[in-house]
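I opened the model to look up its helices, its contacts and its charged pairs. These are my entries, in the order I made them.

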Amino acid sequence: MGNIEQEKLTVHKMISLYCRKKHRTVHLCEDCSLLMQYAIERLSKCPFGDEKGKCANCTIHCYKPDFRLKIKEVMRFSGPRMLLYHPLDFLNHIKKNRL
């Protein structure tokens, strides 16, 4: 699986976890569903492809400001919780972002 596909899976898990815990839903609410679609679209169009690094370190900020704030909020909430709910994804993400 390529880097972009792995990123898409991780973002999906993070947004799903956020929505489930914050909005108390079984399925994604409308706002989280829109964020998910936007994030997947942005990853699909990443000019760096599978060679991409961390979005936070990117010189091209491809997220619109409102979506950027929302994804940061999701990552701040879900990031630490990924260790409990998706430990392998958490460890792979940490390993990748330290290189």
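**Notebook entries**

I began with Lys 70, which is partly exposed because its relative accessible area is 25%. For this term I noted the cut-offs: buried is under 20% relative accessible area, exposed is over 50%, and partly exposed is in between, with a 1.4 Å probe and protein chains only. The areas come from the Shrake-Rupley method with a 1.4 Å probe, and for residues only the protein chains shown count as cover.

I wrote down that this is a predicted model, in which local features need pLDDT of at least 70 and side-chain atom pairs count only at pLDDT 80 or more, while totals for chains, interfaces and linings use all residues. Residues are numbered from 1 along each chain as its sequence is written, and side-chain values use heavy atoms, with hydrogens and water left out.

**Entry: the pair at Lys 70**

I looked up the partner of Lys 70 and found a salt bridge with the side chain of Glu 73, at 3.7 Å from N to O. A salt bridge here is a side-chain nitrogen of Lys or Arg within 4 Å of a carboxyl oxygen of Asp or Glu. Glu 73 is partly exposed, at 35% relative accessible area. Both residues lie in helix α3, 3 residues apart, or about one turn of the helix. Helices are DSSP runs of H or I with at least four residues, numbered from the N terminus. I added a general note: an α-helix has 3.6 residues a turn, so residues three or four places apart point the same way.

**Entry: helix α3**

I checked the length of α3, which covers residues 65-85. The expected span of a helix is 1.5 Å times one less than its number of residues. For the 21 residues of α3 this gives 30 Å, and the end C-alpha atoms are 29 Å apart, so the two agree.

Where is the kink in α3? I found it at Gly 79, about 40°, shortly before the proline Pro 80. The bend at a residue is the angle between axes fitted to the seven residues ending there and the seven starting there. Gly 79 is also among the buried residues of α3, as are Ile 71, Val 74 and Phe 77.

Leu 83 lies in α3 too. Leu 83 counts as partly exposed because its relative accessibility is 44%. With Leu 88 and Leu 91, Leu 83 makes a nonpolar surface patch of about 310 Å². Patches are made of residues with over 30% relative accessible area and no salt bridge; like charges are joined within 9 Å, and nonpolar side chains (Val, Leu, Ile, Met, Phe, Trp, Tyr) within 5 Å.

**Entry: helix α1**

I repeated the length check on α1: its 20 residues should span 28 Å, and the end C-alpha atoms are 28 Å apart, so this agrees.

Is Val 11 of α1 buried or exposed? Val 11 is buried, because its relative accessible area is 6%. Leaving out residues up to four places away in sequence, Val 11 touches Met 36, Ala 39 and Leu 43. Contact means heavy atoms within 4.5 Å. I also looked up Val 11 and Ile 71: they are 60 residues apart along the chain, and their C-alpha atoms are separated by 9.0 Å.

Ser 16 is in α1, which runs over residues 3-22. Ser 16 counts as buried, at 18% relative accessibility. By the same exclusion of up to four places in sequence, Ser 16 touches Leu 28 and Met 36.

Glu 5 and Lys 8 form a salt bridge at 3.3 Å, N to O. They sit 3 residues apart in α1, about one turn of the helix. Glu 5 is partly exposed at 41%, whereas Lys 8 is buried at 15%.

**Entry: after α1**

I moved on to Arg 24, in the loop between α1 and α2 (30-44). Its phi is near 55°, a positive value in a residue other than glycine. Arg 24 is exposed, because its relative accessible area is 72%.

**Entry: the other charged residues**

How many salt bridges are there? The count comes to 5. One of them joins Arg 42 and Glu 41, at 3.8 Å from N to O. Arg 42 counts as buried at 18%, and Glu 41 is partly exposed at 35%. I closed with the network of salt bridges that links Glu 41, Arg 42 and Lys 45.

Methods
Helices (H or I, at least four residues) and strands (E, at least two) are DSSP runs, numbered from the N terminus.
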